[in-house]
Amino acid sequence: MTTDIPKNLSQDPSINPVHDIVDGQTTDCCIVGGGPAGAVLALLLARQGISVMLLEAHKDFDRDFRGDTIHPSVMEIMEELGLSKALLELSHAKMRQISIQTPQDTVTFADFSCISIHPTLTY
Ligand SMILES: Cc1cc2nc3c(=O)[nH]c(=O)nc-3n(C[C@H](O)[C@H](O)[C@H](O)COP(=O)(O)OP(=O)(O)OC[C@H]3O[C@@H](n4cnc5c(N)ncnc54)[C@H](O)[C@@H]3O)c2cc1C
């Protein structure tokens, strides 16, 4: 049995579709992906005076939503970034415990109150 393999896969348009270049810009650093990692990296570099271009494929958040919960360790990072105050000004709910109500009783199966937090955080 023989299989047709293109001599140069990089020239196969079904693998590497060719797009027209519609814009050209210069930057010191181009970050592909505007998720938490890309966005924070862009922020940190920009704060150092480095010109950054952050490219994100999605135009909105109209998809499986992530970040429903923000954990204490993430809040500590937000605090270190100087973003915790602004973040806490956004509408949110605090969850200290997760409990379920049975016909007999209330059962608590997660209790976050024992988690220590950054000393400057007051949430
Ligand atoms: C369903 C779900 C729920 C979650 N809920 C929580 C939660 O409640 N709390 C929590 O702390 N964590 C949650 N997580 C985990 C959290 O989302 C991830 O840890 C976090 O998103 C990882 O960040 P990241 O920047 O590395 O990657 P991503 O968030 O995946 O970001 C990558 C970005 O790159 C973009 N991208 C990819 N390829 C290209 C390209 N070629 N060109 C341009 N852009 C591109 C993508 O569109 C995406 O926006 C959840 C994850 C999932 C899947």
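Is K85 buried or exposed? K85 is exposed, because 11 other C-beta atoms lie within 10 Å, where a residue counts as exposed with 12 or fewer such atoms within 10 Å of its own C-beta atom, as buried with 20 or more, and as partly exposed in between, the C-beta atoms being placed from the backbone. The structure discussed here is a predicted model, in which local features need a pLDDT of at least 70 and side-chain atom pairs count only at pLDDT 80 or more, whereas totals for chains, interfaces and linings use all residues. Residues are numbered from 1 along each chain as its sequence is written.

The pLDDT, which is the predictor's confidence in each residue on a scale from 0 to 100, averages 86 over the protein, and 89% of the residues score at least 70. Among the elements of the protein, strand β1 (residues 29–32) has the highest mean pLDDT, 98, and helix α2 (residues 72–81) the lowest, 91. Where pLDDT is low, the predicted coordinates should not be read in detail.

The protein has 3 helices and 4 strands, taken as DSSP runs numbered from the N terminus, with at least four residues of H or I for a helix and at least two of E for a strand. Along the sequence these elements follow the pattern β-α-β-α-α-β-β. Of the 123 residues in the protein, 1% are buried. Two residues are taken to be in contact if their C-beta atoms, placed from the backbone, lie within 7 Å; of the contacts with a separation of 6 or more, 33% join residues 24 or more positions apart. K85 itself is placed in helix α3 (residues 84–89), and its C-alpha atom is separated by 8.9 Å from that of L121, 36 residues apart along the chain.

The ligand is surrounded by 18 residues, the closest of which are G33, G35, A37, A57 and R66, a residue being included if its C-beta atom, placed from the backbone, lies within 6 Å. This shell divides into 6 nonpolar, 8 polar and 4 charged residues, and its largest share, 3 residues, comes from helix α1 (residues 36–47). Because domain 1 (25–61) and domain 2 (69–115) both give residues to the shell, the ligand lies between them, the domain bounds coming from an automatic or database assignment.

For the 12 residues of α1, a span of 16 Å is expected at 1.5 Å a residue, and the end C-alpha atoms are 16 Å apart, which agrees; the expected span is 1.5 Å times one less than the number of residues. Just after α1, G49 takes a positive phi of about 85 degrees.

Two residues of strand β2 (residues 52–55) may be described together, namely L54 and V52. L54 is partly exposed, because 18 other C-beta atoms lie within 10 Å, and V52 is likewise partly exposed, with 18 C-beta neighbours inside 10 Å. Leaving aside neighbours within four places in sequence, L54 is in contact with I31, G34, G38, A39 and A42, whereas V52 is in contact with T27, C29, I31, A42, L45 and A46. Between C-alpha atoms, L54 and G38 are 7.3 Å apart in space and 16 residues apart in sequence, while V52 and A42 are 6.2 Å apart in space and 10 residues apart in sequence.

Note on methods:
Ala, Val, Leu, Ile, Met, Phe, Trp, Tyr, Cys and Pro count as nonpolar, Asp, Glu, Lys and Arg as charged, and the others, Gly among them, as polar.
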